Amino acid sequence: MRHIVLRTALACAAWWGLAGCGRTVPVDGELAVIPQPASVGLAEGSFLLSARSPIVVGMEGAEPVARALDQVGEALFGRPLRRADSPAAGAVVLRRDAALAGEAYALTVSPEGIDIAAGSPAGAFYAVQTLRQLLPPEAFGAGDVRRAEIPCLTIVDEPCMRYRGVMLDAARHFFTVDEVKRLLDILALHKINTFHWHLTDDQGWRIEIRKYPRLTEFGSVRTRTLIGRDPGGEYDETCRFDETPYGGFYTQQEIRDVVAYAAERFITVIPEIEFRAMPSRRWPPIRGSAARASSTRCARRGTSTTASTARARRPLSSSSRTCSPRSRSSSRGPMSTSAATSAR
């Protein structure tokens, strides 16, 4: 009997030792949050976030916010944070504050815990993205982290602009679903709320339409791509091409998957679909054997996948904008969807 008790005690000690092993990653001393919050008040001390820190969800519709906190826990500690029904020491509390605007939040970090008050789940989600940026970067993916230190402070913030968008041109250069999701993660981290997805143009038709399968059969693949640019702008026989087929498209299920993934991050997807794409494209006839022969014609103004691959991989252009402290009346109107990036 004593042997059984001893083995049980040793097993418990080993379990607690493994659960408590690892290092504490301190703050790096630099407060870097993008976009810059409206108000930041620093305080003395710090809070130690660990895998045992509970999440208390005190607002309706905030499960996506709790899942975002779980992703932080998985990146730091290899497992999600646990749930709790009531506030306790060391908890991360999500609650609604009717005095705050829809996308506004107040984030308070104290040695006793983290309090997130927001006007809506979207505001609470943005607070989590701020919290993620406050964590020491070296703690992510380290694999041996027990606790991560966060400086004590109070941040009160809300967007300057209602429309904050990024456009991805997948028509000229195709991006896989995983690459699109990676972009959405980056947009969420920077509190971008609109994803303008350019799906059709003369260089490619990227969305499956089951009633019209030839849109993707012919329109999603170009037989070759222009190398560089035509100095004369004529795109005639003097142009150089790589003679390599290039293309791809998204199935309807993949489109739904991306839309759901964006919604989980409070991002609205705006698809850009044109008919018959741009007029410069020589579309093949709908019927007849000449359709396949015509489909070998190269799309004009193609994006090079050889000489300008680096440019094709950088479809986003960012611009920063400074808002006056509370002059939001002139910046509340929707922006043009052709803008590549709108930040505060």
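A salt bridge here is a side-chain nitrogen of Lys or Arg within 4 Å of a carboxyl oxygen of Asp or Glu. I wrote that down before anything else, since my first look-up was R172, which forms a salt bridge with D169.

**Entry 1: R172 and its partners**

The closest N and O atoms of R172 and D169 are 2.6 Å apart, and that fits under the 4 Å cut-off. One note to self: this is a predicted model, and every value I jot down is computed from it.

Is D169 buried or exposed? D169 counts as buried, because its relative accessibility is 14% and buried means under 20%. R172 is partly exposed, with a relative accessible area of 25%.

I then found that R172 also forms a salt bridge with D201, and there the closest N and O atoms are 3.2 Å apart. This pair links distant parts of the chain: R172 is in the loop between β9 and α4, while D201 is in strand β11 (residues 200-201), 29 residues apart. D201 counts as buried too, at 2% relative accessibility.

**Entry 2: the sheet with β9**

Next I looked at β9. Which strands share its sheet? I found 3 strands in an open sheet, in the order β9-β10-β15, with parallel pairing. β9 (165-169) and β15 (268-272) stand at the edges with a single partner strand each, so one side of each has no neighbour in the sheet. On average, neighbouring strands of this sheet are turned by 20 degrees against each other, direction ignored.

Zooming in, I saw 5 bridges joining β9 to β10 (residues 194-198), and the two run parallel. M167 stands opposite H196 in β10. Helix α4 (residues 177-189) lies across β9 and β10, and runs at about 150 degrees to β10.

A reminder for reading any strand: in a regular strand the side chains alternate between the two faces of the sheet.

**Entry 3: β5, β6 and β7**

I moved on to β7, which is mostly covered: 5 of its 6 residues are buried. How many bridges join β6 to β7? There are 6 bridges between strand β6 (residues 105-110) and β7, and these strands run antiparallel. A hairpin joins the two through 2 residues. Y105 stands opposite A118 in β7.

β5 pairs with β7 as well, through 5 bridges, but these two run parallel. L94 has I116 in β7 as its bridge partner.

There is a salt bridge here too: R95 pairs with D115, with the closest N and O atoms 2.9 Å apart. R95 lies in strand β5 (residues 92-96) and D115 in strand β7 (residues 113-118), so the pair ties together parts that are 20 residues apart in sequence. R95 counts as partly exposed at 34% relative accessibility. D115 is at 22% and counts as partly exposed as well.

For my tally, the structure holds 11 salt bridges. I also noted a network of salt bridges linking E63, D70 and R83.

**Entry 4: helix α2**

E63 and D70 sent me to helix α2 (residues 63-77). Why do I trust its length? At 1.5 Å a residue, its 15 residues should span 21 Å, and the end C-alpha atoms are 20 Å apart, which agrees. The 21 Å puzzled me until I saw that the expected span is 1.5 Å times one less than the number of residues.

Then I checked what is covered. The buried residues of α2 are P64, V65, A66, A68, L69, D70, V72, G73, L76 and F77. So D70, from the salt-bridge network, is on the buried list, and buried means under 20% relative accessible area. What covers these residues includes β2 (39-50), β3 (55-58), β4 (83-84), β5, α3 (121-134) and β8 (145-157). Just after α2, G78 takes a positive phi of about 80 degrees.

**Entry 5: how confident is the model?**

Last look-up: pLDDT. The chain averages 79, and 74% of the residues score at least 70. Where does the pLDDT fall below 50? One such stretch is residues 9-20, which has 3 contacts in the model beyond near neighbours in sequence. Another is residues 324-344, with 49 contacts beyond near neighbours in sequence.

Note on methods
Residues are numbered from 1 along each chain as its sequence is written. Side-chain values use heavy atoms; hydrogens and water are left out. Two strands pair if DSSP finds at least two bridges between them. Helices (H or I, at least four residues) and strands (E, at least two) are DSSP runs, numbered from the N terminus. Axes are lines fitted to C-alpha atoms, for helices over the stretch in contact, and angles run from 0 to 180 degrees between N-to-C directions. Contact means heavy atoms within 4.5 Å. Buried means under 20% relative accessible area, exposed over 50%, partly exposed in between (1.4 Å probe, protein chains only). pLDDT is the predictor's confidence in each residue, from 0 to 100.
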